[in-house]
Amino acid sequence: MNEFCKNLPKIELHAHLNGSLSSQTLKKLGCFDESIEEYHRLNKVMERSSRTLDECFLLFKVAHNATRTKEAVYTATKDVIEEFFNDNAIYLELRTTPRSEECMTMEEYVETVVKAIQDNKLNIIVKLLLSIDRRYQLPASDNVMNLIIKMKNKYPDIIKGVDLSGNPNVGIFNSELFKKAKESGLSLSLHCGEVKNDKEVEEMLFLNPDRIGHATCIHPKYEGSEELWNLYCQKLIPAECCLTSNVVCGTSKSYANHHILEWIKNDLPFTISTDDKGVFNTTLSTEYELLQRHFDLNDSDLWKINYNSIDYSFAESSEKDKLRDIMLEWKTKYM
Ligand code: 6MZ
């Protein structure tokens, strides 16, 4: 492991709770070894294709099966926070899809995640984004959105935003639903262009979300269109780039071929994220290391990418100042 990447105080803005569970946590939650083996199967698949993305969504079932009680959700959240902290993340935006189970309502699910965040005593600031799964249709997604708004009003210091996620090959984007979230004061991060869908990407960009996830198929070279790219370049919405996730799922052909190259070349806003560190067997430090290795960036570049990510976060401005101070102090000491 590259010591610089490991020691750098890092900002994580795109991490799905149930995709981030480590083998240790799954074991602790009673998962059988074969299920854990299955959970990590994607990392062993050598032939990547866009079909792999669909397979990836089947794997989330392993984590979802392991987090069916409030106790398990609490443990999972606590462990994920601790693991990011141990990887020297100083700020973490976790996201998760509110879910009801036999012995837990959707509201209890969210309450439990919030409680684990409130109980965190480690030196890492943690915020929560609540996700709408794109396979839900109206009115189900509207009900989830109403719950999200209610919970945000109850916990405004922790619940900061809404995410649209789920299998990009399934379901639709409903712009009205997310307008409502914006009007309620929630920040927006939308999974956008993870697979080619120009019309949807355009609709998303017109909504002016605060950030977009993946942004794989926007640049013409990576299956987008010229007009779409021009629109993106006018909007300059920060992209959450998840290198390993895209390569493992086959939406990027290789690390060297990742669309982040266009963001680097054109000095466009982006942040580096793990997406699902459990499913993709990665860490935030590893993602920075991969970025450095494949795109010929020096330590100062990595520091700057990370420092810029503070601006794109949904933290309070006083928290952003604190994070900037930590990073500047670290730079003075170690660079
Ligand atoms: C889109 C993804 C994703 O919400 O149960 N999720 N959505 N693209 C991706 N790229 C690979 N990775 C994860 O965490 C798991 C859920 O996050 C979304 C999926 O809806 C998945 O079921 P939570 O905590």
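A polar contact is a pair of N or O atoms within 3.5 Å of each other. This definition is needed for reading the structure above, which is a predicted model.

The contacts of the ligand are a suitable place to begin. A polar atom in the side chain of H16 lies 3.0 Å from an oxygen atom of the ligand; because the cut-off is 3.5 Å, this pair falls within the definition of a polar contact. In the case of N18, a polar atom of the backbone is 2.9 Å from an oxygen atom of the ligand. T96 again contributes its side chain, in which an N or O atom is 2.6 Å from an oxygen atom of the ligand. The protein buries 97% of the 510 Å² that the ligand exposes when taken alone.

The next step is to consider the residues that surround the ligand. There are 20 of them, and those that come nearest are H64, T96, T97, E194 and D276. Sorted by class, this shell comprises 11 polar, five charged and four nonpolar residues. Two elements, α4 (51–66) and β2 (89–96), each give two or more residues to the shell. Of the elements, α4 gives the most, with three residues.

The ligand can also be placed in a wider setting, for the space that it takes is the largest pocket. This pocket has a volume of about 780 Å³. Its lining consists of 38 residues, and F57, F60, H64, D133 and R135 lie nearest the centre of the pocket. H64 thus appears both among the residues that come nearest to the ligand and among those nearest the centre of the largest pocket. The elements that give two or more residues to the lining are α4, β2, β3 (125–133) and α11 (243–249). Helix α4 gives the most to this lining, with nine residues, just as α4 gives the most to the shell around the ligand. By class, the lining of the largest pocket divides into 15 polar, 12 nonpolar and 11 charged residues.

Two features of the backbone complete this account. The first concerns a peptide bond: the one from L138 to P139 is cis, with omega near 5°. P139 is found in the loop between β3 and α7 (140–154); strand β3 has already been named as one of the elements that line the largest pocket. The second feature concerns H214, a residue other than glycine whose phi has a positive value, near 75°. H214 lies in strand β6, which covers residues 211–214.

Note on methods: Residues are numbered from 1 along each chain as its sequence is written. This is a predicted model: local features need pLDDT of at least 70, side-chain atom pairs count only at pLDDT 80 or more; totals for chains, interfaces and linings use all residues. Side-chain values use heavy atoms; hydrogens and water are left out. A residue is near a molecule or strand if one of its heavy atoms lies within 4 Å of it. A polar contact is a pair of N or O atoms within 3.5 Å; within protein, one must be able to donate a hydrogen and the other to accept it, and residues adjacent in sequence count only if both atoms are side-chain atoms. Accessible areas come from the Shrake-Rupley method with a 1.4 Å probe; for residues, only the protein chains shown count as cover. On a 1 Å grid over the protein atoms alone, a cavity is a set of points where a 1.4 Å probe fits but cannot get out, and a pocket is an open set with protein on both sides within 12 Å along at least five of seven lines; lining residues have an atom within 4 Å of a point. A molecule sits in a cavity or pocket if more than half of its atoms lie within 2 Å of its grid points. Helices (H or I, at least four residues) and strands (E, at least two) are DSSP runs, numbered from the N terminus. Ala, Val, Leu, Ile, Met, Phe, Trp, Tyr, Cys and Pro count as nonpolar, Asp, Glu, Lys and Arg as charged, and the others, Gly among them, as polar. Grid points are joined across faces, edges and corners, and a volume is the space filled by probe spheres set on the points.
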